[in-house]
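Reader: I'd like to learn how to read the packing and pairing here. Could you walk me through it, starting with contacts?

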Amino acid sequence: MVTVETPRKEASALRRLGALPATALFRRKEHDAAPARPATGIACTMRGCANLTAQLCAYRDRRERSCSVTICPAHAISLGANTYCRRHAGTVQAIGELSGDPSGHPDIDDRAPSLVDWIGRDLDKDIRTLLARAARPGESVISDHVARRAHDFHRNARWERSWRLVEHTGPVLNVTLHVAEDNDSLVHVRVGCEAVAGGVPPWIARRRDGQDVEAAIDISQRQLFYRYLEETISEAVVRFRDRSDSIEQ
Ligand SMILES: [Zn+2]
Ligand SMILES: [Zn+2]
């Protein structure tokens, strides 16, 4: 368990990973039940941790580059048979079954899949609810559970998660979050063919600028950011339905 001076973002990463259902493919390591690890003599890179039981993060990207972070068993996260640093645990979790294919592993420094997955999880319930509310008889809502790699019209790679309103003849409306690999801090939202929102999440902007804020400010900034995304998506879905109504009339 994490005890000392855990940075907030790490604590919330733990919360996120710990919140997985018991049936999930990936499980948080049960440290209490695990036998004590012998000292490796390698220091843990987690701030405030004095353990000399660290090992290298197991992450390797599709170009066979490996992560250089050393992390002790108390701060590592085990997914399947491997143990990762927090950041790459987020990457592996984000790509789901693709993690079984080494050639599909995102680049070592690519934060796009984990950011899309993170925001997608936080918005998932709201987007499914608003699409269900907008659904006509015979339409239903389906959604991605992991981030997928895709390309835009210029062949630039990006990671995305989408929610779809479908009927038996095919898709009616897509809501898609995406983050480009070449700008992995900027989140874009599309509703149908309309680009409706884009922004750098406040916690990423602060990390980029080297700022730190009190927990209460962090929480209110996150809430504002999510409210902005939710309201923008909701308004775009309503606009889409208004347009399709006027076409049908
Ligand atoms: Zn440690
Ligand atoms: Zn790593």
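Author: Sure. Two residues are in contact if their C-beta atoms, placed from the backbone, lie within 7 Å. Take V116: apart from its neighbours within four places in sequence, its contacts are A94, A147, W159, E160, R161, L177, H178 and V179.

Reader: Before we go on, what sort of model is this, and how are things numbered?

Author: This is a predicted model, in which local features need pLDDT of at least 70 and side-chain atom pairs count only at pLDDT 80 or more, while totals for chains, interfaces and linings use all residues. Residues are numbered from 1 along each chain as its sequence is written, with chains lettered from A and ligands numbered from 1 in the order in which they are written.

Reader: Is V116 buried or exposed?

Author: The idea is to count neighbours: a residue is buried if 20 or more other C-beta atoms lie within 10 Å of its own, exposed if 12 or fewer, and partly exposed in between, again with C-beta atoms placed from the backbone. V116 has 27 other C-beta atoms within 10 Å, so it is buried. For the protein as a whole, 28% of the 249 residues count as buried.

Reader: And which helix is V116 found in?

Author: Helices (H or I, at least four residues) and strands (E, at least two) are DSSP runs, numbered from the N terminus. By that reckoning the protein has five helices and ten strands, and V116 belongs to helix α3. Its C-alpha atom and that of A94 are separated by 7.9 Å, although the two residues are 22 apart along the chain.

Reader: How do I read the packing of α2 and α3? At what angle do they pack?

Author: Fit a line to the C-alpha atoms of each helix over the stretch in contact; that line is the axis, and angles run from 0 to 180 degrees between N-to-C directions. Here α2 (residues 86-95) and α3 (residues 112-134) pack at an angle of about 70°, with their axes 8 Å apart. That makes α2 roughly perpendicular to α3 (angles under 35 degrees count as roughly parallel, over 145 as roughly antiparallel, 65 to 115 as roughly perpendicular and the rest as oblique).

Reader: Which residues in α2 and α3 meet?

Author: From α2 you have G90, T91, Q93, A94 and I95, and they meet P113, S114, V116 and D117 in α3. By type, the residues of this contact divide into four nonpolar, four polar and one charged. For that split, Ala, Val, Leu, Ile, Met, Phe, Trp, Tyr, Cys and Pro count as nonpolar, Asp, Glu, Lys and Arg as charged, and the others, Gly among them, as polar.

Reader: How many residues of α2 are buried?

Author: Nine of its ten residues are buried, so to speak the helix is mostly covered. Among them are R86, H88 and V92. Just after α2, G96 takes a positive phi of about 60°.

Reader: On to the strands. How many bridges does β7 make with β8?

Author: Two strands pair if DSSP finds at least two bridges between them. β7 and β8 pair in the antiparallel sense over ten bridges, and W159 has V179 as its bridge partner in β8. Two residues lie between these strands in their hairpin.

Reader: Which other strands pair with β7?

Author: β5 (residues 140-143) pairs with β7 (residues 157-167) in the antiparallel sense over four bridges, with S140 opposite V166. β6 (residues 148-151) is also joined to β7 by four bridges, and the two run antiparallel; there H151 stands opposite A157.

Reader: And what comes after β8?

Author: β8 (residues 170-180) pairs with β9 (residues 183-191) in the antiparallel sense over five bridges, with H188 in β9 as the partner of H178. A hairpin of two residues joins them. β9 then pairs with β10 (residues 194-199), also antiparallel over five bridges, and R190 stands opposite A195. In the turn of that hairpin, G192 has a positive phi of about 60°.

Reader: What should I make of a positive phi outside glycine?

Author: Most residues other than glycine have a negative phi. R155, in the loop between β6 and β7, has a positive phi near 70°. R155 is exposed, with 6 other C-beta atoms within 10 Å. E64 has a positive phi of about 65° without being a glycine; E64 sits in the loop between β1 (55-56) and β2 (70-71), and is exposed, with 9 other C-beta atoms within 10 Å.
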